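Take a moment to turn the model around before reading on. We will then walk through it together, one region at a time.

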Amino acid sequence: MIDLQKEFIEFHDNIKLDDENQKLRDKREILLKKLKNNISDEAASYTTFNQGSYAMGTGIYPEDEDYDIDVGLKFDINKDDYDDAVEPKKWVRDALDGHTKHVDIKRSCVTVTYQENGKSAYHVDFAVYANDNSDGKMYIAKGKEFSDKEYRYWEESDPQGLIKLIKNKYSGDDAAQFRRTIRYIKKWKTHNFSSVGDSAPTGIALTILAYDSCFSVNKTTDWATKKSVYDDFSALHTCIKNIKSRFSYSWSELAQQMCYKISANLPVAPYSNLFSKMTDKQMDELYSRITNMLSKLDEVKGKTKRSEACTILVELFGEEFPVTVDKSIVGTSESA
Amino acid sequence: MRYKNSIDNIILEIDEQVEKLFYTYVENYDFAVESGGILIGTLNPAYNSVRLTNITEPFPKDIRTQYEFKRSEDGHQNAMNNFWEQSNFRKTYLGEWHTHNQKIPQPSHIDIKNWLKISKKKNNNSEWIFFIIIGTEEICIWTIQNKKIIKLERIENY
Ligand SMILES: [Zn+2]
């Protein structure tokens, strides 16, 4: 097939969003400063860390959604001293309130939303943790302000362990191909699912599928230069093929039909199934879209014209994928 | 300037510098000899559009008389290669243009035969090949679809 590595690398440069991004860093720093200055004296001391896809090196520019910045706040508290897990979240909310119109206590974080031109442009999610527990583990504060008591609780969580696992799975250039492949799949998701509702898999669910044996490094050694030559198309193709085979076909009580279903557990506490929020029908729909993607990738394999191969990839990933062409043969022309 | 093929809504966007160049031919038309060249641009499948970014103008080896323009490969192929390389391999051959001594240009039989032949070429990168005739008052654009010649409509107010 056509060598599309240059195109894939350019595509990756177009979509990748990492912690180096100044705009995102600025937003984060402003809020952290605000938090530091305004947090009440009642509040415990804390340290901060970056979490989420930027910290993992798998972030991409959003398509229609807003930018999502994830910050972890580790409070030096023992969860057993805070029967109400929402209490430390209120410290954060109250310190940041007034800065913008929207500061909300959500189930798993405190979210600050920035508006631009009447719609949400950024949001910063502060996850609140208790980090001075008798068992030495870290716990995240779950629940909203007015949730029933059973929905306000501490849950074991290890976001930094997760980042470490993802970052240390491969090293050097192999790790770079791993991260690129995750970004390609996330971009496909962003381009092919609407941002509303839970019908799309989460970015972390796709990341864990790749991490958990769907991805394998695809490279060959150039015998002349002895350098590794990476083949991102093949790495992606294999990864999608493996994701497809992770689905199992079984009866769904809820949908009253046969459905393709998938599960993948977080490799750190709380070891939850990352597809648990999708219904059987939604997973079945995901399966058919994965199948469609695989057949499009097969189509790309069969193309001999660069423009046609790129056109299919634009359809899969959006306009960020470059459309290159083969050398043109202009011939002659006769007009009268 | 934007043009649309109303059948499958393919949009041809013409860069301002190309449009200006076309209008210098409209304004300076002297009825002595015909001019022509190739159309060069990029493909934008995400928007179902093609962008015309450059054209070539007559080269010495082209045959130019009062009623015909026979474009040779010389010069045009080289220019095309340069645009291709300089654009990171994005720019491609998109078709042909030539002048007519007509207010509102109409393709001749020779033009039509030529266009059908060019559109059939297997090595075209673009699914759509465009043909432009510069008249003494108007510029008209056609494309070929299923062996039929289709005139593009100008999209106003863009
Ligand atoms: Zn003619």
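How many cavities of 30 Å³ or more does a search of the whole structure find? The answer is two. Keep in mind as we go that this is a predicted model.

Let's visit the largest cavity, whose volume is about 60 Å³. Its lining is made up of A:Asp18, A:Asp19, A:Asn21, A:Leu24, A:Arg25, A:Arg28, A:Asn50, A:Gln51, A:Tyr54, A:Ile69 and A:Asp70. Three elements of chain A each give two or more residues to this lining: helix H2 (22-38), strand S1 (46-51) and strand S2 (67-75). H2(A) provides the largest share, with three residues. Sorted by character, the lining has five charged residues, three polar ones and three nonpolar ones.

The second largest cavity has a volume of about 30 Å³. Look at the chain letters of the residues around it: A:Ser328 and A:Ile329 are joined in the lining by B:Thr92, B:Tyr93, B:Asn123, B:Asn124 and B:Asn125. Here five lining residues are polar, two are nonpolar and none is charged.

Now find the zinc ion. Which residues coordinate it? They are A:Ala336, through its O atom, together with B:His98 and B:His100, each through NE2, and B:Asp111, which appears twice through OD, all at 1.9 to 2.7 Å. The pair A:Ala336 and B:His100 crosses between chains: A:Ala336 sits in the segment after strand S12 (333-335) of chain A, while B:His100 lies in the loop between strand S7 (92-99) and helix H3 (109-119) of chain B. Are these two residues buried or partly exposed? A residue is buried when its relative accessible area is under 20%. A:Ala336 has 22% relative accessibility, so it counts as partly exposed. B:His100 has 6%, and therefore counts as buried.

Next, step back and look at chain A as a whole. It has 10 helices and 12 strands, and its C-alpha atoms fill a box of roughly 85 × 50 × 50 Å along the principal axes. Of its 336 residues, 49% count as buried. Among contacts in chain A with a separation of 6 or more, 64% are between residues 24 or more positions apart.

One helix to pick out is H6 of chain A, residues 172-192. Its 21 residues reach 31 Å from the first C-alpha to the last, close to the 30 Å expected at 1.5 Å a residue. H6(A) is mostly covered, with 16 of its 21 residues buried.

Follow the chain onward to A:Thr202, which is in the loop between H6 and helix H7 (203-214) of chain A. This residue is partly exposed, with a relative accessible area of 39%. Leaving aside residues up to four places away in sequence, A:Thr202 touches A:Lys189 and A:Leu274. Between A:Thr202 and A:Thr190 there are 12 places in sequence, and their C-alpha atoms are 9.9 Å apart in space.

That brings us to H7(A). Why is this helix described as largely enclosed by the rest of the structure? It is because nine of its 12 residues are buried. Those buried residues are A:Gly203, A:Ala205, A:Leu206, A:Thr207, A:Ile208, A:Leu209, A:Ala210, A:Tyr211 and A:Cys214. In chain A, they pack against helix H5 (159-168), H6 and helix H8 (232-246).

Methods: Residues numbered from 1 in each chain as written. Chains lettered and ligands numbered in written order. Predicted model: local features only at pLDDT ≥ 70, side-chain atom pairs only at ≥ 80, totals over all residues. Heavy atoms only, no water. Helix = DSSP H or I, 4+ residues; strand = E, 2+ residues; numbered from the N terminus. Expected span 1.5 Å × (residues − 1). Buried < 20%, exposed > 50% of the residue type's maximum accessible area, 1.4 Å probe, protein only. Donors = N, O, S within 2.8 Å, 3.2 Å for Na, K, Ca; no water. 1 Å grid on protein atoms, 1.4 Å probe; cavity = no way out; pocket = protein on both sides within 12 Å on 5 of 7 lines; lining within 4 Å. Points joined across faces, edges and corners; volume = space filled by probe spheres on them. Nonpolar A, V, L, I, M, F, W, Y, C, P; charged D, E, K, R; others polar. Contact = heavy atoms within 4.5 Å.
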